[in-house]
Amino acid sequence: SNLTARASMITFWINTLRHLRALGNYQSAFAVVAAMTGTSVNRLKKTWDQVEDSSRAYLLEVKDLMDKNFVKMRHEVQQKSFNVIPYLGAFQRDLV
C-alpha cells in the first residue's frame, strides 16, 4: 500500500544516513536529518508508526548531534581517524 511504500522510503533514507555518518559525510547526513524531521515528513504519524523503532531511535541520535553549538558533532569528528566532510553550518557559526 501507499503507507508501506512511504515507510519503506523513510527507512531507506535512515539507512542512507547510517552510511553517510559512517563515511564522515556530516553535511549530507544533516541534510537527511533536516528532511526527515521537517514538517511535511514528520506529520505522517501513521507512516512513522510503520518504521522500526531502531530506525527512529537512530534518527533521533543523529539529530542530537545537531545540538546548540554542535558540541557533540565536534567531539565525534575529532574521534574519527580519517578526514570527514564537516557540517558547514558549524563553521559558519564559528566565523560570526
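1. Burial and overall dimensions. Of the 96 residues in this predicted model, 29% count as buried. Taken along the principal axes, the C-alpha atoms of the protein fill a box of roughly 45 × 30 × 15 Å.

2. Secondary structure. The protein contains seven helices and zero strands. Read from the N terminus, the order of its elements is α-α-α-α-α-α-α. Several of the points below return to helix α1, which covers residues 2–23.

3. Packing of α1 with α2. Two packed helices are described by the angle between their axes and the distance between the axes. For α1 and helix α2 (residues 26–36), the angle is about 155° and the axes lie 8 Å apart. Angles over 145 degrees count as roughly antiparallel, and α1 and α2 are therefore roughly antiparallel to each other. The crossing in which α1 passes α2 is left-handed.

4. Packing of α1 with α5. Helix α5 comprises residues 53–64, and its axis comes within 10 Å of the axis of α1, the two crossing at roughly 45°. This angle makes α1 oblique to α5. The handedness of the crossing between α1 and α5 is left-handed.

5. A nonpolar patch on the surface. M9, F12 and W13 make a nonpolar surface patch of about 310 Å². M9 is found in helix α1, and W13 also has its place in helix α1. M9 is partly exposed, its relative accessible area being 44%. W13, at 35% relative accessibility, likewise counts as partly exposed. Patch residues must have over 30% relative accessible area, a condition that M9 meets with 44% and W13 with 35%.

6. Distances from α1 to other parts of the chain. W13 and M36 are 23 residues apart along the chain, and their C-alpha atoms are separated by 8.2 Å. M36 falls within the residue range of helix α2, 26–36. I10, found in helix α1, counts as buried at 6% relative accessibility. The C-alpha atoms of I10 and M73 are separated by 23 Å, with their positions 63 residues apart along the chain.

7. Salt bridges in the whole structure. How many salt bridges does a search of the whole structure find? The search finds four. Side chains of opposite charge can pair when their charged atoms come close. Three of the pairs are described individually in the points that follow.

8. The pair E76 and R21. E76 forms a salt bridge with R21, and the closest N and O atoms are 2.6 Å apart. This pair links distant parts of the chain, since E76 lies in helix α6 (residues 71–79) and R21 in helix α1, 55 residues apart. Are these two partners buried or exposed? E76 counts as buried at 15% relative accessibility, and R21 is buried with a relative accessible area of 13%. Both values can be read against the cut-off for burial, which is under 20% relative accessible area.

9. The pair R56 and D53. A salt bridge joins R56 to D53, with 2.3 Å between the closest N and O atoms. R56 and D53 are three residues apart in helix α5, so they are separated by about one helical turn. R56 counts as partly exposed at 25% relative accessibility, whereas D53 is exposed, with a relative accessible area of 56%.

10. The pair K72 and D64, and a shared network. K72 forms a salt bridge with D64, the closest N and O atoms being 2.7 Å apart. K72 is partly exposed, with a relative accessible area of 38%, and D64 counts as partly exposed at 39% relative accessibility. Elsewhere, salt bridges that share partners join R21, E61 and E76 into one network.

11. Helix α1 in summary. Helix α1 is roughly antiparallel to α2 and oblique to α5. Helix α1 holds the buried residue I10 and the partly exposed residues M9 and W13. R21 of helix α1 connects to E76 of helix α6 by a salt bridge.

Methods. Residues numbered from 1 in each chain as written. Predicted model: local features only at pLDDT ≥ 70, side-chain atom pairs only at ≥ 80, totals over all residues. Heavy atoms only, no water. Patch = residues over 30% accessible without salt bridge, like charges linked within 9 Å, V, L, I, M, F, W, Y side chains within 5 Å. Areas by Shrake-Rupley, 256 points an atom, 1.4 Å probe, with all protein chains shown as cover. Salt bridge = Lys/Arg side-chain N within 4 Å of Asp/Glu carboxyl O. Helix = DSSP H or I, 4+ residues; strand = E, 2+ residues; numbered from the N terminus. Buried < 20%, exposed > 50% of the residue type's maximum accessible area, 1.4 Å probe, protein only. Axes fitted to C-alpha atoms, helices over the stretch in contact; angles between N-to-C directions. Parallel < 35°, antiparallel > 145°, perpendicular 65-115°, else oblique. Left-handed = near helix turned anticlockwise from the far one by under 90°.
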